[in-house]
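Visitor: I'm new to reading structures, and I'd love a close look at a single part rather than a quick tour. Could you pick one and take me through it step by step?

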Amino acid sequence: MAAVPEQQMQAEAHITVQDLTMAYGDFVIQRDLTFTVRRGDIFIIMGGSGCGKSTLLRHLIGLKAPAKGEVFYDDVNFWRAEPDEQEHMKRKFGVLFQSGALWSSLTLAENIALPLGQYMDLSPTRIHEVVSLKLALVGLAGFEEFYPSEISGGMQKRAGLARAMALDPDILFFDEPSAGLDPISSRRLDDLILELRDSLGATVVVVTHELASIFAIGNNSVFLDPESKTMIATGDPKDLVESGNPTVRTFLTRGES
Amino acid sequence: MAEAAVESVTTDNNTHGQRYELSFERPASDTLLVRLAGSWRLENKLPPITEVQQQLESGAAVAQVRLDTTQLSAWDTGLLTFLAGLYTLCQERGIVLDKAGLPEGVRKLIDLAFAVPPQKDTGRRGELPPVLARIGDATLKLLHRAPEMIGFIGEVTLSLGRLFRGKAQYRRSDLMLIIQEVGPQALPIVSLISFLVGMIVAYMGAVQLAQFGAQIYIADLVGIGVVREMGALMTGIIIAGRTGAAFAAQLGTMQVNEEIDAFKALGISPMDFLVLPRILALIIMMPLLVLYADIVGVLAGMFVAGTTFDIGVFEYYQQTARALDLRHFAVGISKGTVYGILIAIAGCLRGMQCGRSAQAVGQATTSAVVTSIVFIVIAASLLTIIFQKLGI
């Protein structure tokens with residue numbers, strides 16, 4: 001296992017990405033990504049559409065193997081770990097996919113109960129209690145027996161979040177949480193993310209290009225540039241807007257500065 | 001310069017009587033002033049950009065192009081495409097294009113269009129590769145698919161292994177639901193097709209057998225034909241179109257919705273959870289469906305014999321019972337089971353391979369049915385030969 005660079009160890013690194021190159025076949029999406037997500041961060045992966053934000057997320061949650069480079073969780077190299085260990089690590093992730101990705105053949109309650117039933121030895125009554133609690137946390141109490149197609153997009157997102165939280169994850173991943181939501185729902189989701197970070201003590205990684213969200217919740221970030229096909233900035237978005245690369249500043253000010 | 005004069009004017013009428021005007025001036029020897037006036041809409045049959053090009057090429061070299069749109073009355077995409085062409089023309093020749101003379105909206109849109117330079121190395125540019133290269137690509141793709149299929153069959157085997165060790169993660173209620181969809185709900189269509197096929201076999205045979213007064217052997221012909229071959233084959237083809245397609249569409253849509261990713265991200269194997277119950281359902285239901293199709297087919301023969309040749313029900317039954325024994329049923333049902341496994345594998349494989357678009361789901365479905373039917377026909381031929389050689 002390769003050693004994690006020293007300066008990143010000091011910052012209480014939770015996720016460390018080193019020299020990551022992402023590619024589909026020969027077509028490189030992004031290269032040489034190196035950044036650190038500290039424990040308790042709300043880390044924003046930002047950049048213009050199509051720059052590879054979601055692809056980076058897929059690398060972080062173990063859905064796509066990197067073409068080159070490493071992803072460390074604490075000091076375990078995810079892509080070099082044994083399959084069993086990878087599975088074990090994945091259970092500490094909660095993922096909210098862009099479309100919610102609720103299992104359409106299951107009710108909301110079953111969606112949340114499924115991971116619980118798979119990984120915890122719980123009685124049906126206890127599972128039912130946990131499910132109700134998780135749904136209540138996202139403001140969907142009483143919707144247990146609804147199918148995903150019967151509720152609105154915003155509710156699907158929140159139900160997806162409830163499922164992502166089912167196993168009390170260490171790290172929550174959000175792929176474009178505010179996509180397709182009206183400003184108020186989007187704001188509520190941001191508040192929820194902040195609350196969850198504070199109360200669960202989880203690390204949060206958010207893929208977004210929603211400026212309001214970026215400044216409202218992010219305290220660390222990486223900016224992917226589609227032109228140079230690499231990251232051009234990392235750090236607190238509030239600092240980047242002051243003293244960042246011009247491209248990043250343009251992005252963060254919507255090109256108005 | 002003193003002789004700054006209008007050099008050319010182009011106009012055209014549109015149906016509303018409004019027209020566009022394009023004229024050029026040379027306020028200085030290295031400056032071209034392009035004057036755009038009137039209505040610049042797509043329906044005005046706007047001039048090609050070559051008119052400006054001619055102006056740039058004639059006379060002294062131009063270093064700057066300025067625009068005057070004070071007389072412009074209306075514009076739409078037509079003006080924008082013209083200006084975009086002008087912009088590209090100027091960029092190629094290193095000429096400065098002064099956009100100050102443009103209405104603000106137009107200037108912003110032009111800036112917008114050129115804000116992001118075209119992506120160069122996307123690998124999607126250029127013409128179609130030569131024929132040989134395309135044949136090569138197609139062949140390589142085909143070669144890549146074979147290992148994918150073998151890999152998938154391997155994963156199915158591992159998943160079955162986990163099932164027998166009681167470790168597979170799937171929900172019994174899902175299995176029951178799929179069994180219901182695959183089996184009982186297919187009975188009407190299986191009944192119809194089997195009955196008609198039984199009738200066809202009976203009529204075809206009857207015409208020949210009647211020539212030498214051996215109509216009673218319709219029972220043998222229909223019995224053996226349907227039970228050994230046709231029952232399983234027709235059920236296989238119905239189930240390929242009905243269930244194989246449904247499997248591919250269900251899994252494909254789940255792929256599009258990221259539902260399969262959600263399983264993987266949670267460390268739940270989609271093979272166990274989605275593919276295994278589907279394969280089990282077909283393994284369980286296919287033999288039953290084939291048996292049912294056999295019975296319906298024989299009844300169809302009995303119907304034809306009774307109505308057309310006055311062969312009594314009891315007589316027909318006796319003759320059928322003499323002709324058939326368990327062996328024939330075993331052959332037909334084992335073939336049907338093999339078809340079922342092949343349909344389930346083809347349907348699930350195509351569904352899991354599905355891309356992330358609505359069109360991909362359609363392709364996956366088509367491909368599932370085509371693959372299933374090809375598999376069925378190949379398996380039917382092989383099994384028939386094998387059973388003949390074995391003398392069963």
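Guide: Happily! Let's begin with a quick sense of scale: taken over C-alpha atoms, the centres of domain 1 and domain 2 of chain B are separated by 67 Å. Domain 1 covers 9-115 and domain 2 covers 140-390 of chain B, with bounds that come from an automatic or database domain assignment.

Two notes before we zoom in. This is a predicted model, in which local features need pLDDT of at least 70 and side-chain atom pairs count only at pLDDT 80 or more, while totals for chains, interfaces and linings use all residues. Residues are numbered from 1 along each chain as its sequence is written, and chains are lettered from A and ligands numbered from 1 in the order in which they are written.

Our part is a sheet in chain A. Its 6 strands follow the order β6-β7-β8-β3-β9-β10, forming an open sheet with mixed pairing. Helices (H or I, at least four residues) and strands (E, at least two) are DSSP runs numbered from the N terminus, and two strands pair if DSSP finds at least two bridges between them. At the edges stand β6 (93-96) and β10 (230-234) of chain A, each with a single partner strand, so one side of each has no neighbour in the sheet. From one strand to the next, the twist averages 20°; axes are lines fitted to C-alpha atoms, for helices over the stretch in contact, and angles run from 0 to 180 degrees between N-to-C directions.

Now follow the pairing. Strands of a sheet pair through backbone hydrogen bonds, either parallel or antiparallel. β6(A) and β7(A) run parallel, joined by 4 bridges, and A:G94 has A:L172 as its bridge partner in β7(A). On to β8 (residues 203-207) of chain A: β7(A) pairs with β8(A) over 5 bridges, again in the parallel sense, and A:D175 stands opposite A:V207. Elsewhere, β9 (residues 220-225) of chain A runs antiparallel to β10(A), with 4 bridges between them, and A:D225 faces A:T230.

Let's stay with β7(A). Of its 5 residues, 5 are buried, meaning that 20 or more other C-beta atoms, placed from the backbone, lie within 10 Å of a residue's own (12 or fewer is exposed, in between is partly exposed). In a regular strand the side chains alternate between the two faces of the sheet. Here A:I171, A:F173 and A:D175 lie on one side, A:L172 and A:F174 on the other, and both faces are covered. Across β6(A) and β7(A) lies α6(A), running at about 170° to β6(A).

A:F173 deserves a pause. Beyond its neighbours within four places in sequence, its contacts (C-beta atoms, placed from the backbone, within 7 Å) include A:L57, A:F93, A:V95 and A:V205. A:F173 is also among the residues touching the most other members of the largest nonpolar core, which has 138 residues. Such a core is a set of buried Ala, Val, Leu, Ile, Met, Phe, Trp, Tyr and Cys residues joined through C-beta atoms within 7 Å. Helix α9 (residues 270-309) of chain B gives this core its largest share, 19 residues. A second, separate core has 20 residues, including B:L33 and B:L72.

Lastly, back to α6(A): the buried residues of α4(A) pack against α5 (124-137) and α6 (153-164) of chain A. Among those buried residues of α4(A) are A:L108, A:I112 and A:P115.

Terms used. Contact = placed C-beta atoms within 7 Å.
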